[in-house]
Amino acid sequence: MGLLALVACGRSERPAAQQQIAKPSARETAQCHADLRAQSVAFRPLPDRQAGPGCGLFGAVQLLEIGVPVTNLTGIRCGQARAFSAWVRSGVGPAAFQILGSELARVETFGSFACRNVAGRGDRRSGHAIANAIDVGGFVLKDGRRVTVLRDWKSPDPAVREFLQTVRRSACKRFGTVLSPDYNAAHADHLHLEADRAGLCR
């Protein structure tokens with residue numbers, strides 16, 4: 001999610017707009033492309049571009065086909081795309097079938113790339129600013145049911161609650177930061193998934 005603003009030795013962390021973007025190396029991106037192809041994930045590499053202070057697409061891809069449709073995704077950093085594809089295929093899909101008795105038909109997101117700061121913080125960029133985060137709002141099943149984070153996190157149906165808790169636990173194995181309604185009110189309607197090394201699962 002970015003570095004915390006700290007004050008030390010009389011100097012403060014750079015404002016969000018001035019923070020440098022940590023860019024994946026060409027070798028890391030090439031390996032990620034190979035990993036996606038090995039998983040039979042269809043994607044299109046995107047050119048690197050700066051999109052504003054502390055914002056940009058570097059080592060990003062456009063996911064074209066991961067097995068089920070996903071709404072609202074634009075450019076995503078390749079490592080994030082790799083983790084997300086694996087989560088949908090190996091975490092969400094099986095959980096939907098095993099717990100809710102229906103195959104997964106669609107994943108609904110609020111998007112990936114957005115040049116903005118962390119919600120409620122004016123001092124650091126969000127992972128969305130470098131296309132390294134995805135906000136997942138809900139899931140549609142082949143039997144027509146729609147499960148959303150906002151409506152169903154505390155659903156009276158224990159199976160629905162178990163499904164959402166299971167997909168969060170599964171996400172925590174693949175992403176460094178996973179934030180849910182249990183974290184704060186800003187995440188009441190989505191799961192924030194970010195491929196970093198923060199080790200934060202809430």
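C78 is buried, with a relative accessible area of 2%. Keep in mind that this is a predicted model, and that goes for everything I say today. C78 is bonded to C32, with the two sulfur atoms 2.1 Å apart. The two cysteines sit in distant parts of the chain: C32 belongs to helix 1, residues 26-38, and C78 to helix 2, residues 78-100, with the two positions 46 residues apart in sequence terms. C32 also counts as buried, at 2% relative accessibility. The torsion about the S-S bond here is about -95 degrees, so this disulfide is left-handed.

How many disulfides are there? The count comes to 3.

Next on my list is the disulfide of C55 and C115, with sulfur atoms 2.0 Å apart. The angle about the S-S bond is 85 degrees, and the link is right-handed. Again distant parts of the chain are linked: C55 is in strand 5, residues 55-57, while C115 is in the loop between strand 8 (104-111) and strand 9 (133-141), and the two are 60 residues apart. Are these cysteines buried or exposed? C55 is at 0% relative accessibility and counts as buried. C115 has a relative accessible area of 38%, which is over the 20% limit for buried and not over 50%, so C115 is partly exposed.

That leaves C172 and C201, whose sulfur atoms are 1.9 Å apart. The torsion about their S-S bond is about 80 degrees, so this disulfide is right-handed. C172 lies in helix 4, residues 158-172, and C201 in strand 13, residues 200-201, so the bond ties together parts that are 29 residues apart in sequence. C172 is partly exposed, with a relative accessible area of 23%, and C201 is partly exposed too, at 41%.

To put the cysteines in order: if you number the bonded ones along the chain, the pairing reads 1-3, 2-4, 5-6.

Now the salt bridges. Side chains of opposite charge can pair when their charged atoms come close. In this model the count is 8 salt bridges, and I will go through some of them.

Start with E108, which is buried, with a relative accessible area of 13%. Which side chains does E108 meet? One is R106, in a salt bridge of 3.0 Å from N to O. Another is R146, where the closest N and O atoms are 2.8 Å apart. R146 lies in strand 10, residues 146-148, and E108 in strand 8, so this bridge ties together parts that are 38 residues apart in sequence. Both arginines count as partly exposed: R106 at 30% relative accessibility and R146 at 41%.

A separate example is R168 with D182, whose side chains meet in a salt bridge at 2.8 Å, N to O. This pair also links distant parts of the chain, with R168 in helix 4 and D182 in the loop between strand 11 (177-179) and strand 12 (191-194), 14 residues apart. R168 is buried, with a relative accessible area of 12%, whereas D182 is partly exposed, with 40%. Going back to the earlier group, shared partners join R106, E108 and R146 into one network of salt bridges.

One last pointer for when you look at the structure. Helix 4 appears in both halves of this talk: C172 lies there and is bonded to C201 in strand 13, and R168 is in helix 4 as well, paired with D182 in a loop.

Conventions. Residues numbered from 1 in each chain as written. Predicted model: local features only at pLDDT ≥ 70, side-chain atom pairs only at ≥ 80, totals over all residues. Heavy atoms only, no water. Disulfide = S-S within 2.5 Å. Helix = DSSP H or I, 4+ residues; strand = E, 2+ residues; numbered from the N terminus. Buried < 20%, exposed > 50% of the residue type's maximum accessible area, 1.4 Å probe, protein only. Salt bridge = Lys/Arg side-chain N within 4 Å of Asp/Glu carboxyl O.
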